Amino acid sequence: MKALNRILEQARQAPRRIVLCEGEDERVLHAAIKAAESGIAKVILVGEQAGIERQAEQLGLDLAAIEIIDPADSPLREGLAEALHALREKKGMTREQADAVVGEPLCFANLLVREGHADGCVAGAVNTTADVVRSAIQLLGLAPGSKLVSSFFLMMLCKPFHNLKGGMIFSDCGLVIDPDGEQLSQIAMTAADSAEALLGEEARVAMLSFSTSGSAQHGNVEKVVQAARRVKAERPGLAIDEDVQLDAAIVADIAERKLPDSKVKGNANVLIFPDLQAGNIGYKLAERIGGAEAIGPLLQGLAKPANDLSRGCSVDDIYHVIAVTTVQAQAAEARDMAAADDA
């Protein structure tokens, strides 16, 4: 089964409540209805109900499968305003300000997730990435054990001409510009979690560099090596290669020659880039020249799922991100249940 089809099927097996807050956008409406009707999510649209219904009528769309919540008259508004005030009071937010801010659809949507009325949030077709990420960090917070919110692309290599087949995680390609060693180790560990949740297989992590196993000496290489060693110390069972060039990360024959003691053995499914420049270039090369399908940037490290969209996104892009968010919500619930059992 193709990696993307597996994610869609997993989402259908246990759909979660995914909230979108840009329901007057034509693409969002089409994707929301497609997601609800195909069973990958229980979709909630947050926004002005009259505007959403008017847009749907103009497009000839049936909203029967969608729940619409208008912040202006929702019975949840008072409780969400109280939660927002309690969360942000130490930052100087007054109750009156909370009452006003909670009416903003992006804020309202993330508060629905925070307070358990929804399981994940998708935004960014209209809102900027900065606004989407800021709202998610402020209102949802970090996952247990996480020190950093970062991003990844889910890269799908499913075409006949692809030598590599299946899905891969590329991180960080969209958020953390110049991570230090500790941040890079956090990115690697959360990307490994993303791989296991979304790809349904054990993570095999390659810490990319222009060096393989100390073949070059430079501060940039040392950062990658130290990051990898932090990961090994915290997760000794994780398959991870320290400084490794791309070819040795994904080609078994080259890995055998260049890195005979490799744990990944040229079969990486998680590529960790040393900085945002490399990550951004890398995923676009894979997409535009290599013909990979790129889904994202997706967020990782949050307490509950929230994902960003490109403002140039298509209906299918949004639909796929909704499916990913459902699977992330399933994984977050499993993590929280395991933590409760251990407590």
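Helix α1 (residues 3-13) lies across β5, β6 (166-171) and β10, at about 115° to β5; contact here means heavy atoms within 4.5 Å. This is a predicted model, where local features need pLDDT of at least 70 and side-chain atom pairs count only at pLDDT 80 or more, while totals for chains, interfaces and linings use all residues. Numbering starts from 1 along each chain as its sequence is written, and side-chain values use heavy atoms, leaving out hydrogens and water.

Helix α8 lies across strands too, β7 (204-208) and β9 (270-272) among them. Here are the two helices side by side:

| Helix | Residues | Angle |
|---|---|---|
| α1 | 3-13 | about 115° to β5 |
| α8 | 181-199 | about 160° to β6 |

Angles run from 0 to 180 degrees between N-to-C directions, with axes fitted to C-alpha atoms, for helices over the stretch in contact. Helices (H or I, at least four residues) and strands (E, at least two) are DSSP runs, numbered from the N terminus.

Now for the sheet. It's an open one with 6 strands, in the order β8-β7-β9-β6-β5-β10, and its pairing is mixed. At the edges sit β8 (239-244) and β10 (293-300), each pairing on one side only. Two strands pair if DSSP finds at least two bridges between them. β5 (residues 150-157) and β10 run antiparallel, joined over 6 bridges, and Met-155 stands opposite Ala-294 in β10.

Finally, Leu-285 belongs to helix α12 (residues 276-288). Leu-285 counts as partly exposed because its relative accessibility is 46%, and that label covers values between buried (under 20%) and exposed (over 50%), using a 1.4 Å probe and protein chains only.
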